[in-house]
Amino acid sequence: VSVDCFFDNIELMVVPEQCSSADLNRDGELNFFDVSQFLAAYSSNDPVAEFTGDCQLDFFDVSAFLSAYSAGCP
């Protein structure tokens, strides 16, 4: 079996590593912008705000985000 694949308009994007799971904007710092992004994601039911892994957005996700945020970056 032979498969030929052709791609157009391929982009390679290098995304910096997060310093913490709470570093939502991946800038290597925990600050207001991460909190703002979490709140926006949470209020719009964006899966980015799902921190507990139970596929539900609820208080436990807020609590898990705040725990990760307060733990800081290593």
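Helices (H or I, at least four residues) and strands (E, at least two) are DSSP runs, numbered from the N terminus. With that in mind, put Phe 65 on screen: its place is in helix H2.

Some ground rules before we go on. This is a predicted model, where local features need pLDDT of at least 70 and side-chain atom pairs count only at pLDDT 80 or more, while totals for chains, interfaces and linings use all residues. Residues are numbered from 1 along each chain as its sequence is written, and side-chain values use heavy atoms, with hydrogens and water left out.

**Stop 1: the whole chain**

Zoom out and show the cartoon. You'll find 2 helices and 0 strands. Of the 74 residues, 22% count as buried (buried is under 20% relative accessible area, exposed over 50%, partly exposed in between, with a 1.4 Å probe and protein chains only). Switch on the surface: the protein exposes about 5,700 Å², and carbon and sulfur atoms supply 57% of that (areas by the Shrake-Rupley method with a 1.4 Å probe; for residues, only the protein chains shown count as cover).

**Stop 2: Phe 65**

Go back to Phe 65, which counts as buried at 2% relative accessibility. Now select what surrounds this residue. Leaving aside neighbours within four places in sequence, Phe 65 is in contact with Ala 22, Leu 24, Asp 34, Val 35, Phe 38 and Phe 51 (contact means heavy atoms within 4.5 Å). For a distance to check in the viewer, try Thr 52: its C-alpha atom and that of Phe 65 are separated by 8.8 Å, with the two residues 13 apart along the chain.

**Stop 3: the rings**

Show the aromatic side chains. The structure holds 7 aromatic pairs (rings of Phe, Tyr and Trp, its six-membered ring, with centres within 6.5 Å; planes under 30 degrees apart are stacked, over 60 edge-to-face, the rest tilted). Pick Phe 38 and Phe 65: the ring centres are 4.2 Å apart and the planes are at 5 degrees, so this pair is stacked. The pair links distant parts of the chain, with Phe 38 in helix H1 and Phe 65 in helix H2 (residues 59-71), 27 residues apart. Like its partner, Phe 38 is buried, at a relative accessible area of 2%.

Add Tyr 69. The rings of Phe 65 and Tyr 69 have centres 6.0 Å apart and planes at 35 degrees, so they make a tilted pair. These two sit 4 residues apart in helix H2, about one helical turn. Tyr 69 is partly exposed, at 26%. Finish by selecting Phe 38, Tyr 42, Phe 51, Phe 65 and Tyr 69 together: they form one aromatic cluster.

**Stop 4: helix H1**

Select 32-43, which is H1. Its 12 residues should span 16 Å at 1.5 Å a residue, and the end C-alpha atoms are indeed 16 Å apart (the expected span is 1.5 Å times one less than the number of residues). Colour Asp 34, Phe 38 and Ala 41, the buried residues of H1. Seen down the axis, they fall within an arc of 70 degrees, so they line one face of the helix (the arc is that of the directions from the helix axis to the C-beta atoms). H2 is included in what covers them. Spin to the face turned away from that side for the exposed residues Phe 32, Phe 33, Leu 39 and Ser 43. Just after H1, Asn 45 takes a positive phi of about 55 degrees.

**Stop 5: Ser 20**

Last, select Ser 20, in the segment before H1. Ser 20 is buried, with a relative accessible area of 11%. Not counting residues up to four places away in sequence, Ser 20 touches Leu 30, Ala 68, Gly 72 and Cys 73.
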